[in-house]
Amino acid sequence: MTETKKRLIPLSPEAREKIQGFFGGKIYPATVAAAVLIGHVSGLEFYFAIPILLASAFAFLVCDSVKHFIPTLIPFLYLVNLKHTPGSMDGIAQGSDYYSQPHVFITAAVMFSILLASVILYTVFTLIPRIKAGGKPPLILPLSLLAAAFLLGGVFSSGWQIASLGFGFAEAAVYFLLFYLFYYGLKGESINRLIDYVCYAALLSAFVIIAEMIFMYITNDAIIADGTIRKEAIALGWGISNPIGNALVMLVPLLMLGSVRSKYYPVYLITAALTCAATFFTLSRNAIVVCLLLLTASFVTAYFTSERKKLFGISLGCCMGILLIGALIFSEKLGELLTYFTRMGSSDNGRFELWGQSFDNFLKSPIFGRGFFDWGEMDVYEIASFVPTMSHNTVFQLLSSMGIFGLGAYTFYRVKSLIPFFKNICCEKLMILYSVLALLLGSLLDNFVFYFQGVFLYVILLALVFLMYEFEEEWARTHAFDESDDEDEEYDE
């Protein structure tokens, strides 16, 4: 494998080792996060995306591991500035043609082609030999059926559109190909150090989203009107209120895991608290409820599995005390700002109508559904031509778009994908499971399992847990806390 990589890019062993150390260390992820944030805030995201993509392509040709792709893939979509978003939102964004301009489109196509070519070369020279040596790939049958379901969605429906095939292909590629890219591409890495690296990437991503939200609140005059926050004005270019909230919630358990494992635990704890606060200011009822549930679960798990029981007990008491005092002091102002919640109450916000039409779509095309872009007689709000209107519920979406075949394939995949989480349960597996649950629970009232920014992180976490599962006996013998301290020292260097 090393000789093959030398032929791709001729480098001395010393140079190759230094380059791999840079891409697998802490400086590179921080650089990517800074580029994402600066690019987003400045509106020059396209020019910051180019070096990020080229660096990723170079790393695929030089590095033995795809570890470098973790801190790139998680925050990459957070680059898009609101003024350049192709999505249309009433009074906020009118659907920019920025990314369809010839110089932007052609350059982006070239950059992604270079990245794709490097991934293909990495697959040919590194992944395929690992696959051949590693026996039967995990989840091969469930993932194959799920990919087929995505591709066949709506295939025999009278309203089927070619766009449905394109969207289904993108979903299949993320769930199927990206999973195996990380599963085989991370083989040989220390599991403990991988967990720490993912937590670190989550920390940086939280910094990026929180900073983008602060910038949004400062610069977007439409957000606060008559002393009240307007949820419909909360948008960052890559997502509106609910997707932003879910992206934050998925990070909270990983931040709590970082506080358990890292010697820099105060940074992780404080960031987890700030992330929860930021979730509150998305005004996403879905995200707030799920965040409170998973934060509680994360605190309890940290308390009973960590050697820092006193720390988490004191932290929980302090957090509750600060929240109570803050609520009392600023109750009047918070009440004015957050009248959205009292106004909406328990309103379904149009979901019942979507669910009814989704079930009607299923009855008309029960086997493969009607695809992602056919809503029958119902008028639906279109954000962008390439983004389908969703059912805001996983089951109804599967039935409507992919029929009983899609629901069956997804159920089979979901059951099989969760098995490794429950063998030799430990703090790490539970915290990662909570992050996955943020995606799954949130998708009971939204569409996050079909949105790439959440699924990118999910696929990485799933690959990580399956690697833990593969080395279960070794993992069971090695207590994470005993090993992490020694490896922390090496990793920090």
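Leucine 269 counts as buried, at 13% relative accessibility, because the cut-off for this class is under 20%. The residue is found in helix H11 of a model that is predicted. Leaving aside residues up to four places away in sequence, leucine 269 touches Met256, Ser259, Leu311, Phe312 and Ser315. One of these partners, phenylalanine 312, stands 43 residues from leucine 269 along the chain, and the C-alpha atoms of the two are separated by 9.2 Å.

The protein chain as a whole provides the setting for this residue. Its secondary structure comes to 21 helices and 4 strands. Of the 493 residues in the chain, 53% are buried. Among contacts with a separation of 6 or more, 79% are accounted for by residues 24 or more positions apart.

Helix H11, which spans residues 265-280, also packs with helix H9, residues 191-219. The two axes come within 10 Å and cross at roughly 40°. Helices H9 and H11 are therefore oblique to each other, since this angle is neither under 35 degrees, as for a roughly parallel pair, nor in the range of 65 to 115 that counts as roughly perpendicular. Their crossing is left-handed. On the side of H9, the contact is made by Cys199, Tyr200, Leu203, Ala206, Phe207, Ile210 and Met213. On the side of H11, Val267, Tyr268, Thr271, Leu274, Thr275 and Ala278 take part. Sorted by class, the contact of H9 with H11 has 11 nonpolar and 2 polar residues, and no charged residues.

A second helix pair involves H2 and helix H4, the latter formed by residues 45-62. These helices pack at an angle of about 130°, with their axes 10 Å apart. That angle makes H2 oblique to H4, and H2 passes H4 in a left-handed crossing. Arg16, Ile19, Gln20 and Phe23 in H2 meet Ala55, Phe58, Ala59, Leu61 and Val62 in H4. By class, the contact of H2 with H4 has 7 nonpolar residues, together with 1 polar and 1 charged.

Glycine 21 is likewise found in helix H2, residues 13-23. Its relative accessible area is 43%, so glycine 21 is partly exposed. Cysteine 63 is 42 residues from glycine 21 in sequence, while the C-alpha atoms of the two are 9.1 Å apart in space.

Aromatic side chains form a further group of features. A pair of aromatic rings is described by two quantities, the distance of the centres and the angle of the planes. The structure holds 36 aromatic pairs. In one of them, the rings of phenylalanine 76 and phenylalanine 112 have centres 6.4 Å apart and planes at 90°, so this pair is edge-to-face. Phenylalanine 76 lies in helix H5 (residues 70-76) and phenylalanine 112 in helix H6 (residues 102-133), so the pair ties together parts that are 36 residues apart in sequence. Phenylalanine 76 counts as buried because its relative accessibility is 16%. Phenylalanine 112, by contrast, counts as partly exposed at 43% relative accessibility.

Phenylalanine 466 and tyrosine 469 form another edge-to-face pair, with 6.1 Å from centre to centre and 80° between the planes. Both residues lie in helix H19, residues 452-470, where they are 3 residues apart, about one turn of the helix. Phenylalanine 466 counts as buried, with 6% relative accessibility, whereas tyrosine 469 is partly exposed, with a relative accessible area of 32%. Elsewhere, one aromatic cluster is formed by Phe150, Phe167, Tyr175, Phe372, Phe373, Tyr410, Tyr413, Phe450 and Tyr458.

Two loop residues were examined for their backbone angles. Histidine 392 has a phi near 60°, a positive value in a residue other than glycine. This histidine lies in the loop between helix H16 (351-364) and helix H17 (394-418). Asparagine 424 also has a positive phi, near 50°, and is likewise a residue other than glycine. The loop that holds asparagine 424 runs between H17 and helix H18 (427-442). Asparagine 424 is partly exposed, because its relative accessible area is 39%.

Key
Residues numbered from 1 in each chain as written. Predicted model: local features only at pLDDT ≥ 70, side-chain atom pairs only at ≥ 80, totals over all residues. Heavy atoms only, no water. Axes fitted to C-alpha atoms, helices over the stretch in contact; angles between N-to-C directions. Parallel < 35°, antiparallel > 145°, perpendicular 65-115°, else oblique. Left-handed = near helix turned anticlockwise from the far one by under 90°. Contact = heavy atoms within 4.5 Å. Nonpolar A, V, L, I, M, F, W, Y, C, P; charged D, E, K, R; others polar. Phe/Tyr/Trp six-rings, centres within 6.5 Å; stacked < 30°, edge-to-face > 60°. Buried < 20%, exposed > 50% of the residue type's maximum accessible area, 1.4 Å probe, protein only.
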